[in-house]
Amino acid sequence: MLAPGRRKDGSGDGPPARPAWRRFGDPLLKLMVSGGLLYWLLSQSDLQAFGRVLGRTDVALFAAAACFFVLSNVLGAGQWYLLLRGQSLAVSPGQTAVVYWVGVFFNNLLPGNIGGDAVRIYDVRRLTGATGRAAAATFMDRFIGLFSTCCLALGACALVAEVRRPGLVTLLGTVWLTLAAMLAMGLSRRLGRVRAFLGLLLPRRLAAGVERLRSSIAVYREQTGLLAAAWAVSLGVQFSRILVYWAAGLAVGLEVGLRYFMGFQPAAAIVAALPISVGGLGVREGVLVELFGGIGVEESLAFAASLLGYAAGISASALGGIAFVLRRTGPRPEPRAA
């Protein structure tokens, strides 16, 4: 008889298969969250005004929003490439760009807004055979992006009094402090000795997985120059994402100044990153409608700007869908001997 948790192929112990209700119930629940939030926002808006706002969309500005998203993906692929190099993973810039675009495509379409990260890890594993290091580089990529988002938003709140709202500053400040503590725990030798605590707080397999991930992240401890370069590129990535929604707002006539988008869009992106919806749809729109409503912007206008920004991202991400069909993520076959 096989030992409990042992697979028939002889591989090591693995986690039990997820029940069928979990496999289908989680995506369905997230679809319901996105659909319910969108329905609620539409019910609170003047549908005729909403239709008029969308009807006067400036196509050129919408195209500019999509181009800003493309720019963010180009920079994002460069940031991830630096982090993969820090893990000594032999992935070429071209392969990195293709896999990154595919990941963004799935992030925008799969429930939870993080499904594309799993696709990226899987593809790098197929290219290099290194799952742990691929996960560490992808985790750092997501971590640095979130940290840069908070930095830009807190900078806007510090410089522009109109953006400085207690709830917004509290949210951003809490996330920033949490990320800083996690970074210190991952990179510091003294603070990183948390294995004993993990063993007490988490199940054994989960604690072991977290410890392996932390050990892989610790590789960056001696690569401060690489981390600084990745963070600088990340600021460009996140600022380009802000420009996506700024251009989308201009396309529907939302002319309130870039500083408000710098303060509001990052907060919406942080909340939308929670794995409770499909690509953050509905969650992001609700946050932006609430924040822009605080400065007197009409609900239908803020709602239309947010949806248009999301549509610009989906349009640009379609390139990732094409790359997914045409990509090659395995080694080329060796030529046959004569």
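The following legends describe close-up views of a predicted model.

**Figure 1. Overall architecture of the predicted model, built from helices**. The secondary structure of the protein comprises 13 helices and zero strands. Read from the N terminus, the order of elements is α-α-α-α-α-α-α-α-α-α-α-α-α. Of the 338 residues in the protein, 42% are buried. Among contacts between residues at least 6 apart in sequence, 75% link residues at least 24 apart.

**Figure 2. Packing of helix α11 against helix α12**. Helix α11 spans residues 258-272 and helix α12 spans residues 283-293. Their axes lie 8 Å apart and form an angle of about 145 degrees, and α11 passes α12 in a right-handed crossing. On the α11 side, the contact is made by Y260, F261, F264, Q265, A267, A268, V271 and A272. These residues meet V283, R284, V287, L288, L291 and F292 of α12. By class, the contact consists of 12 nonpolar residues, one polar residue and one charged residue. An α-helix has 3.6 residues a turn, so residues three or four places apart point the same way. Helix α12 is mostly covered, with eight of its 11 residues buried. The buried set consists of V283, R284, E285, V287, L288, V289, L291 and F292.

**Figure 3. Aromatic pairs, including one that links α11 and α12**. A search of the whole structure yields eight aromatic pairs. One of them joins F105 and F106, whose ring centres are 5.3 Å apart and whose planes stand at 75 degrees; the pair is therefore edge-to-face. F106 counts as buried, at 15% relative accessibility. Another pair is formed by F264 and F292, with ring centres 5.1 Å apart and planes at 90 degrees, so this pair is also edge-to-face. Because F264 belongs to helix α11 and F292 to helix α12, the pair ties together parts that are 28 residues apart in sequence. Both F264 and F292 are buried. Together with Y260 and F261, F264 and F292 form one aromatic cluster.

**Figure 4. Surroundings of the buried residue T96 in helix α4**. T96 is located in helix α4, which covers residues 93-109. With a relative accessible area of 1%, T96 falls under the 20% limit and is therefore buried. A polar atom of the T96 side chain lies 2.9 Å from the backbone oxygen of S92. Not counting residues up to four places away in sequence, T96 touches A77, W80, Y81, L84 and V91.

**Figure 5. The loop residue S88 between α3 and α4**. S88 is found in the loop that connects α3 (59-86) with α4. The phi angle of S88 is near 60 degrees, a positive value in a residue other than glycine. S88 has a relative accessible area of 60%, which is over 50%, and is therefore exposed.

**Figure 6. The buried arginine R120 and its polar contact with D141**. R120 is placed in helix α5, which runs over residues 115-128. At 4% relative accessibility, R120 counts as buried. The side chains of R120 and D141 are joined by a polar contact of 3.1 Å. Leaving aside neighbours within four places in sequence, R120 is in contact with W80, V99, Y100, G103, T138 and D141. W80 is also among the residues touched by T96.

**Figure 7. Contacts of L187 in helix α7**. L187 lies in helix α7, which comprises residues 166-187. The relative accessible area of L187 is 16%, and the residue is buried. L187 and I217 are separated by 30 residues in sequence, whereas their C-alpha atoms are 7.1 Å apart in space. Apart from neighbours within four places in sequence, the residues in contact with L187 are I217, Y220, R221 and L227.

Notes. Residues are numbered from 1 along each chain as its sequence is written. This is a predicted model: local features need pLDDT of at least 70, side-chain atom pairs count only at pLDDT 80 or more; totals for chains, interfaces and linings use all residues. Side-chain values use heavy atoms; hydrogens and water are left out. Helices (H or I, at least four residues) and strands (E, at least two) are DSSP runs, numbered from the N terminus. Buried means under 20% relative accessible area, exposed over 50%, partly exposed in between (1.4 Å probe, protein chains only). A polar contact is a pair of N or O atoms within 3.5 Å; within protein, one must be able to donate a hydrogen and the other to accept it, and residues adjacent in sequence count only if both atoms are side-chain atoms. Contact means heavy atoms within 4.5 Å. Axes are lines fitted to C-alpha atoms, for helices over the stretch in contact, and angles run from 0 to 180 degrees between N-to-C directions. A crossing is left-handed if the near helix is turned anticlockwise from the far one by less than a right angle, and right-handed if clockwise. Ala, Val, Leu, Ile, Met, Phe, Trp, Tyr, Cys and Pro count as nonpolar, Asp, Glu, Lys and Arg as charged, and the others, Gly among them, as polar. Rings of Phe, Tyr and Trp (its six-membered ring) pair if their centres lie within 6.5 Å; planes under 30 degrees apart count as stacked, over 60 as edge-to-face and the rest as tilted.
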